[in-house]
Amino acid sequence: MALSKYSVSWSITARVLKKSNVLPYQKERGTGKYFTAILIDKTTEIRAKAFGDDCDRLFSQLQENNVYNIKNGQIQLADKKYNKSKNDYEIIFNETTIIIQKFGVTDIPSHPQLKTIENVFSMDQNTLIDTIGVIIEIEQSKEIKKNNSNDTYKLRNIILADCTRSVTVTLWDIDATNFNANEGDIMSIMGGKIINYKNVNKISVTGSSEIIINPYWNETFDLQIWYKEFEKKKLLNLSQVSIGSQELNMFEISQINRNKTINERILQQNKIDDDLISKRLLELNDEEHKIKRERTDLNFKKQRLSIERESIKSHLEN
């Protein structure tokens, strides 16, 4: 998507990641209406807007998750006060804009590039992140009194984890009250804001952030598989598991797990997975030796049969 303010006649093929409703606006010159759309291609994303008659003409032509060939329109610098997309430019649809839907396009992603949770802790405050993880814990919403005021606001903390780390995600007011998901669900956050609380980075969900629960993405399925492995410690079929030099039964393991942090649990599961992989590699090595011996025996038998066949043919010819 190589667009700049100098682009005059241009064409892109992009997926509609998100589309707003038709919204009103009011300026000194009068009132009007507009809508916005976030477009994504193989390399980046960009926000597009349409006003007035162009809003009426184009709004129904764009549907979320569909792919379109879009031609022409005005390219201008993005006002970062209002435009939080990851592009320095934005598109203003106008009377020259042509939109044609494309079918069978599979190589354009359905979401922006997602960062793993470990990235949160190296990012600067007030920067934005797109990420995804498993909901490990959901706290109750609570009311907090604002400083120097009798007003209150609500917040709810959620612990989100992936195979790299866990992080606290804070929801505010309506989002905190109406949050409807369960532990074990997969949650993606688009445009989460990095904040620092007590010298630890967290993710704050703001009004411009977007939350999707259990999106139909490859990352969702990968996280579901990881989480099932992560949870195996609670559902082990073995009666005992060796941890260090101790033999602990299932009840003792569950008691220990309750007192561990999320990161400690991940490390414990990592150790279990590593042991399982090492065991399987030994089994595969043993199988490879057996296959190698069998292949040698079969090649020898094949050679012997060939010699016998040639000998019989020679005898018959004589």
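Two strands are taken to pair if DSSP finds at least two bridges between them. In the predicted model described here, strand 10 (residues 142–145) and strand 11 (residues 152–161) meet this criterion, pairing in the antiparallel sense over 4 bridges. Within this pairing, I144 stands opposite Y153 of strand 11. The two strands form a hairpin with 6 residues between them. In the turn, N148 has a positive phi of about 55 degrees.

A search of the whole structure for salt bridges returned 6. One of these joins the side chains of K18 and E210, with an N to O distance of 4.0 Å. K18 belongs to strand 1 (residues 11–19) and E210 to strand 15 (residues 210–213), so this salt bridge ties together parts of the chain that are 192 residues apart in sequence. Both ends of the pair are partly exposed: the relative accessible area is 35% for K18 and 25% for E210.

Two further salt bridges involve E90. The side chain of E90 meets that of R47 at 3.4 Å, N to O. This pair links distant parts of the chain, since E90 lies in strand 7 (residues 89–92) and R47 in strand 4 (residues 45–51), 43 residues apart. The side chain of E90 also meets that of K49, at 3.6 Å from N to O. Here again distant parts of the chain are linked, with K49 in strand 4 and E90 in strand 7, 41 residues apart. Through shared partners, the salt bridges join R47, K49 and E90 into one network. With buried defined as under 20% relative accessible area, E90 is buried at 2%. R47 is likewise buried, at 13%, and K49 counts as buried at 14% relative accessibility.

Aromatic pairs were also counted, and the total came to 6. Among them is the pair of Y25 and F51, which is edge-to-face, with 5.7 Å from centre to centre and 85 degrees between the planes. Y25 is located in strand 2 (residues 23–27) and F51 in strand 4, so the pair ties together parts that are 26 residues apart in sequence. Y25 is partly exposed, with a relative accessible area of 26%, and F51 is also partly exposed, at 27% relative accessibility. Together with Y34, the residues Y25 and F51 form one aromatic cluster. Strand 4 thus contributes F51 to an aromatic pair, while R47 of strand 4 takes part in a salt bridge with strand 7.

Charged side chains were found over aromatic rings as well. K19 lies over the face of F59, at 3.7 Å from the ring centre. R165 lies over the face of F121, with a distance of 3.7 Å to the ring centre.

The surroundings of T220 were examined separately. T220 is placed in helix 3 (residues 218–235) and counts as buried, at 1% relative accessibility. A polar atom of the T220 side chain lies 2.6 Å from the backbone oxygen of P215. When neighbours within four places in sequence are left aside, T220 is in contact with I132, I186, N214 and P215. P215 therefore appears both in the polar approach to the T220 side chain and in the list of contacts, where contact means heavy atoms within 4.5 Å.

Technical notes:
Residues are numbered from 1 along each chain as its sequence is written. This is a predicted model: local features need pLDDT of at least 70, side-chain atom pairs count only at pLDDT 80 or more; totals for chains, interfaces and linings use all residues. Side-chain values use heavy atoms; hydrogens and water are left out. Buried means under 20% relative accessible area, exposed over 50%, partly exposed in between (1.4 Å probe, protein chains only). A polar contact is a pair of N or O atoms within 3.5 Å; within protein, one must be able to donate a hydrogen and the other to accept it, and residues adjacent in sequence count only if both atoms are side-chain atoms. Rings of Phe, Tyr and Trp (its six-membered ring) pair if their centres lie within 6.5 Å; planes under 30 degrees apart count as stacked, over 60 as edge-to-face and the rest as tilted. A charge sits over a ring if NZ of Lys or CZ of Arg is within 6 Å of the ring centre and within 35 degrees of the ring normal.
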